[in-house]
Amino acid sequence: MTSGSLPHQAGPPDEPERPAEHRSHMIRRRALTLLIIVLLIGVPAGYLVISANQSRDSGKDKEKKYSATGLTEGWPSKVQRRLYQVPIPHPSNKVAWYETNNWKTSRLYVQFQTTHDGLDAFLNELGADRGDLVKDDIVIGARDRDVTGWKFTGAGGRTGPNYGLVREQKNPKPTQHVVVNFGNPTYPMVYVVSRTTP
């Protein structure tokens, strides 16, 4: 038996030769490619940086307002208001709060500005009325004022008359210390420290 020879396989057909690229064309092509890469990567990255800075800057004003006080702008949750028995009336503005907890005592600090009707509704919810407010009785102690940055007298303090009220309750129900500032005769400002001991 004779072994046949393998058929000869033809090589690939000749590809047409490309003309050499001119140097100026190559430079333009590479520059265009580089520009596209920069646009695809740089623009979204730049947008993210700008967006993050704008977001941070918009919050800085609010943050500055309360950063020294420990307070957070906005309303405490309904659960917090119910637990500490701090019924913020509607309408109210300049609302801010702060909560501290430890094994011994929990405190909710709240401030808000409201109308005279709102103040009456708030006091009524506490089982009190304006007759229970005592002029110049700053019932919120120095420790709590340090936590919040509240000042009721002196430099940077609240001008106008301040009135105080304490609503004491047996544990575990909260005790509230309230100061009402009438520096704005139309919209009194209310400061509350509600303390509960489990």
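**View 1. Leu39 sits in helix H1 of this predicted model.** Helix H1 spans residues 23-67. Leu39 is partly exposed, with a relative accessible area of 46%. That value falls between the 20% and 50% cut-offs, so Leu39 counts as neither buried nor exposed. Leu39 also belongs to a nonpolar patch on the surface. Its fellow members are Leu32, Leu35, Ile36, Ile37, Leu40, Ile41 and Val43. Put together, the patch residues offer about 780 Å² of accessible area.

**View 2. Asp144 and Arg107 meet through their side chains in a salt bridge.** The N to O distance here is 3.5 Å. Asp144 comes from helix H4 (residues 142-148) and Arg107 from strand E3 (residues 106-114), so this pair ties together parts that are 37 residues apart in sequence. Are the two partners buried or exposed? Both Asp144 and Arg107 are buried. For Asp144 the relative accessible area is 12%, which is under the 20% cut-off and therefore counts as buried.

**View 3. Asp144 also forms a salt bridge with Arg143.** The closest N and O atoms of this pair are 3.0 Å apart. Arg143 is partly exposed, at a relative accessible area of 46%, whereas Asp144 is buried. Which residues end up in one network when salt bridges share partners? They are Arg107, Arg143 and Asp144.

**View 4. Arg130 and Asp120 form another salt bridge.** Look for the closest N and O atoms, which are 2.7 Å apart. Arg130 lies in the loop between helix H3 (116-125) and strand E4 (134-135), while Asp120 is in helix H3 itself, so the pair ties together parts that are ten residues apart in sequence. Arg130 counts as partly exposed, at 31% relative accessibility. Asp120 is partly exposed as well, at 35%. How many salt bridges does the structure hold? The count is three.

**View 5. Gly164 in strand E5 has a bridge partner in E6 and stands opposite Val134.** Strand E5 covers residues 162-167. E4 and E5 run antiparallel, with two bridges joining them. Val134 is the residue standing opposite Gly164. How do E5 and E6 run, and how many bridges join them? They run antiparallel, joined by six bridges. Strand E6 takes in residues 175-181, and there the partner of Gly164 is Val179.

**View 6. The whole chain, for orientation, has four helices and seven strands.** Going along the sequence, these elements follow the pattern α-β-α-β-β-α-β-α-β-β-β. The chain has 198 residues, and 30% of them count as buried. It exposes about 13800 Å², with carbon and sulfur atoms supplying 56% of that area. As for contacts in the chain between residues at least 6 apart in sequence, 54% join residues at least 24 apart. The elements from the close-ups can be placed here too: helix H1 at residues 23-67, strand E3 at residues 106-114 and helix H4 at residues 142-148.

Notes:
Residues are numbered from 1 along each chain as its sequence is written. This is a predicted model: local features need pLDDT of at least 70, side-chain atom pairs count only at pLDDT 80 or more; totals for chains, interfaces and linings use all residues. Side-chain values use heavy atoms; hydrogens and water are left out. Patches are made of residues with over 30% relative accessible area and no salt bridge: like charges are joined within 9 Å, nonpolar side chains (Val, Leu, Ile, Met, Phe, Trp, Tyr) within 5 Å. Accessible areas come from the Shrake-Rupley method with a 1.4 Å probe; for residues, only the protein chains shown count as cover. A salt bridge is a side-chain nitrogen of Lys or Arg within 4 Å of a carboxyl oxygen of Asp or Glu. Buried means under 20% relative accessible area, exposed over 50%, partly exposed in between (1.4 Å probe, protein chains only). Contact means heavy atoms within 4.5 Å. Two strands pair if DSSP finds at least two bridges between them.
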